[in-house]
Amino acid sequence: MASTPVTLTTPVDELPGITERQAGFLRALGLTNLGKLIAHLPMRFERVEAEAPVRELVPGRIVAARGEVTATRPVRGRKPRFEAVLIDESGRLDLVWFNQTYLADRILPGMRLKVHGKATMRYGAVQLVNPKWAIEKPGEHPLSEGESFVRPVYPASEDLPSEAIWRIQKKVLPKALPLIEDHLPEPYRAPRNLPDLRESYRMQHEPRDEPEASLSRRRLAYDELLMLQLGVHLKRAHLREHLRAPALKWNAKIDEHIRARFQFTLTGAQDEVVKEIAADLSRATPANRLIQGDVGSGKTVVALYAMLMAVAGGHQASLMAPTELLADQHYANITASLTGSKVRVALLTGSTPPAVRQSMLSSLASGDLDILVGTHALLTESVEFKNLGVCVIDEQHRFGVHQRARLRAQGTDETTTPHVLVMTATPIPRTMAITLFGDLDISSIRALPPGRKPILTRVFTRDHRSEVYADVAARLARGEQAYIVVPAIEAGESSDVMPGGEPLRDVRTVFQELESGPLRGFHLATMHGRLSRDSREAIMERFRLGQVQALVATTVIEVGVDVPNATAMVIEQADRFGLAQMHQLRGRVGRGPAASACFLIADPTTDEAQARLRVVAATSDGFILAEKDLELRGPGELFGVRQSGLPPFKVADLMRDRELLDMARRDAAEWVKRSPDLKAPEETLLRRRLMKQYGAALGLADVG
Ligand code: ADP
Ligand code: MG
């Protein structure tokens, strides 16, 4: 039979030895061609033990045996379990499965069973606890001694179980392996103990032992990490080389002038960051720095410092916030700090009247405006600066990569771009930061300004709701204020019911309950995203002035709102909220001299939700929370990762492969330094694979 030669792009239905039916099932798993098929790697490996006569089973070892079930017994009570006795020619073996009394319907006396598990000694007899089991198939032969082997376990489907995928892999492997070319040369791999790529695929699909499985996994995980790191470093090198930013002057006099504008002395932590930023801004290479600091750590003043440095150097600055509320607040703070100075500040948001906007834009273009504060509205085409020097973005994870690119374009010409500073109150775990934002420098403000009182966080079930509101009422009576955050705006907006049966708590219902119940007689107001901007502003102003004592709201108040007299944060149905979100909300209190509290009302129904609440209650350090969040949810769900447009890793695991990540990062940095274009002939393959994977996502096309 004549046939075209097989390549890695040969569709699975054209592969010899694969039936049409199998090809269909493979396609359903997304494995459309040979390359994709062999890149479908095992998720784990298990050792299949050679069977032994039961009399020879050694306690303490993983063992396998088979025989006939002669007796079974479900045992209920304090330790519910199912017990069975297995007999072969050599003797008797006791089996016990805890919490699995349902096995009484599945394992019956007279059946022939294969079992596999750890042997223990109990009452002088060998016993297997929770062994794996399968009913013996007719004609099946046991593995004889010495035949123990490692079996890959693949992500599978009902139609195509792991075993079947393995058989297919073994069938196609001899065709596929010779087609695999390594993009890493042997002198590079050897000192790093990375096996060859071809061999790595062999070891994944046909491991001779466990070390082969883990060695090859390490190689493939390293590849993923290295590729992304190379991409990120190339991009960074490219920006460094091709883009210029204004080198801003910085000296003691400028520093003194700027500091004179602040109502307080900067903390040591802020000073550090100011120094890092000033050093960045005084260079002609565009700064690209992430400033992470917990809620209330005082990032705004640091940003203002940078903006004033731009103004002192005759440049403009912009500050972009994710919501109008925040933009308003920044604008108010900045104008307050700058009263009596010559610095000209304006606020531009979606609701700026057209006439005002028009004249603002012309002042901006002529250089008659120094600082522009606003929302996404700053990114529209018509917004043109005369000479933008510094651009600050608050709460970075709400902006996507494209918006960052648009920002860069606001420079004066093709090759000049502003310095970019990004502030986030949701610290990004170090591993994530390096992985995804390797092109950013990072400054961290880890200490809070002086005089902050810790916030006491406690979790209550809904049965104890009245205790929470009694505490809140006492606070209001003392003249303090409170936020009450709920997950919905109006009742019945969705069929969404908490697993525990309680309907979603909404602004209106909770407001009415409180007004006529525990908080009767106090001034309450509601706040949510569906109110007009004017009403929101008016309500916020009344809250700030203390005319409103408690605010029933959705998460619109999540970021930025700063009312020091507010001392209680109640989060209803807190299990509906993410870890970072709860932490953000909590950050709204604890800003004044009085002791603050955060009440989480929740009836968590999953372990994960429970863990989240426990963690938030246990620590108020955003950096620790960020690490925990990564552990609980995995990187895929975190912060801006989704928006970042980067594909998730298939093999690498950011929790498990931290060391490998560090290695890949160092290697990539050195590599790009040594060969900034990846143009050497031996780099061709690597370069091609890199571009294919990350060229578009990282905007690397122009590198090559
Ligand atoms: P965030 O990092 O959450 O944006 P802010 O910049 O809003 O924090 O600062 C929180 C509060 O702390 C503000 O009221 C601010 O005026 C105050 N603050 C910031 N830095 C200091 C400081 N060095 N000393 C005293 N108060 C400070
Ligand atoms: Mg802030």
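Let me begin with Asp-294, which in this predicted model is buried, that is, under 20% relative accessible area with a 1.4 Å probe and protein chains only, and yet has no salt bridge, meaning no side-chain nitrogen of Lys or Arg within 4 Å of a carboxyl oxygen of Asp or Glu. The nearest side chain of opposite charge, Lys-299, is 6.9 Å away, where Lys and Arg count as positive, Asp and Glu as negative, and His and the chain ends are not counted. Asp-294 sits in the loop between strand S9 (288–293) and helix H9 (299–312), helices being DSSP runs of H or I with at least four residues and strands runs of E with at least two, numbered from the N terminus. Leaving out residues up to four places away in sequence, its contacts, with heavy atoms within 4.5 Å, include Lys-299, His-583 and Asp-621.

As for numbering and scope, residues are counted from 1 along each chain as its sequence is written. Local features need pLDDT of at least 70, side-chain atom pairs count only at pLDDT 80 or more, and totals for chains, interfaces and linings use all residues, while side-chain values use heavy atoms, without hydrogens and water.

Now to two residues with unusual backbones, since most residues other than glycine have a negative phi. Tyr-123, not a glycine, has a positive phi of about 50°; this residue lies in the loop between strand S5 (112–122) and strand S6 (125–129) and is exposed (over 50%) at a relative accessible area of 76%. Asn-193, likewise not a glycine, has a positive phi of about 55°, and at 49% relative accessibility Asn-193 is partly exposed, the class between those two cut-offs.

Note on methods. Chains lettered and ligands numbered in written order.
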